[in-house]
Amino acid sequence: MRKQVIAGNWKMNKTHKEAESFINEVKGKVPSKENVESVVCAPFPFLQKLVEETKDSDVEIGAQNMYFEENGAFTGEVSPVMLKELGVTYVVLGHSERRDVFGETDETVNKKVHAAFDHDLTPIVCVGESLEQRESDETMNHIESQITKAVEGLTDDQVKQLIIAYEPIWAIGTGRTASSEQANEVCTHIRKVVGKLSGDEAAEAVRIQYGGSVKPANVDELLSQSDIDGALVGGASLEADSFLKLVEAGKHE
Ligand SMILES: O=C(CO)COP(=O)(O)O
């Protein structure tokens, strides 16, 4: 059985003090990592403190982005080497906000995925269609193209370790969640595409999250779907109580 992975994506939110009090509130209360992976993806300035605070806990810390080079003249960027040195274990790559606001492309996402594996970071690769693409029936083709480009050049073993987050853009921060059937339909398609590219074993092992207005009230139904192995959560991951409910829902005994 695939272990569920519930990741909070704080985006550009919280002060240092708020980040610290959140982590102190949740770190002793999340379920064992044997049963569910509980991940907090925080802004860069908080990462070091959060890693220190969660050292002996079941909470893992992730970054929300990184550059693909190890070092050099790339003003304003953060490298995989720096994240690894801090003790970060996950990194969100290719979030739709990175693609739409900061011009990331499938090619840069692919380079970042390779860089993450080169430095032993687990990539959470985001894919998803716009409302326009959904309405013109382009969802499946678009997702297939994003996945194909994201995993180009990876070994089948690397693909097995990948986490893919299906986040329909029209459901992000809008309160409009994909129905669990709609979400699962695309996640099933993603698994098929992975199978086609990297074989059945990789398709069986790869974990696929759903993201887009996930909250405690809808998480159980989403996680009960056959091809959904977790959630990537924005707004509802910002409060400790709500985050704890989400990770509890992901628990397998
Ligand atoms: O973009 C998301 C997580 O990466 C989803 O955000 P919301 O949960 O706020 O809709």
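The following legends describe close-up views of selected residues in a predicted model.

Residues are numbered from 1 along each chain as its sequence is written, and local features need pLDDT of at least 70, whereas side-chain atom pairs count only at pLDDT 80 or more and totals for chains, interfaces and linings use all residues. Side-chain values use heavy atoms, with hydrogens and water left out.

**View 1. The annotated residues His95 and Glu167.** An unreviewed UniProt entry lists His95 and Glu167 under "active site"; such positions are given in the numbering used here, feature names are shortened, and annotations may be inferred rather than shown by experiment. The two residues span 73 residues in sequence, yet their C-alpha atoms are no more than 8.4 Å apart, so they gather at one spot. From this set, His95 belongs to the lining of the largest pocket (on a 1 Å grid over the protein atoms alone, a pocket is an open set of points where a 1.4 Å probe fits, with protein on both sides within 12 Å along at least five of seven lines; lining residues have an atom within 4 Å of a point). The side chains of Glu167 and His95 make a polar contact at 3.0 Å (a pair of N or O atoms within 3.5 Å; within protein, one must be able to donate a hydrogen and the other to accept it, and residues adjacent in sequence count only if both atoms are side-chain atoms).

**View 2. The surroundings of His95.** His95 lies in the loop between β4 (90–93) and α4 (96–102); helices (H or I, at least four residues) and strands (E, at least two) are DSSP runs, numbered from the N terminus. His95 counts as buried because its relative accessibility is 4% (buried means under 20% relative accessible area, exposed over 50%, partly exposed in between; 1.4 Å probe, protein chains only). Not counting residues up to four places away in sequence, His95 touches Asn9, Lys11, Cys126, Glu167 and Ile172, where contact means heavy atoms within 4.5 Å.

**View 3. The surroundings of Glu167.** The loop between β6 (163–166) and α9 (180–198) holds Glu167. At 6% relative accessibility, Glu167 is likewise buried. Beyond four places in sequence, the residues that Glu167 touches include Cys126, Gly128, Glu129, Gly211 and Leu232.

**View 4. Ala116 in helix α5.** Ala116 is part of helix α5 (residues 106–118) and is buried, with 0% relative accessibility. Apart from neighbours within four places in sequence, Ala116 is in contact with Met66, Val91, Leu93, Leu121 and Pro123.
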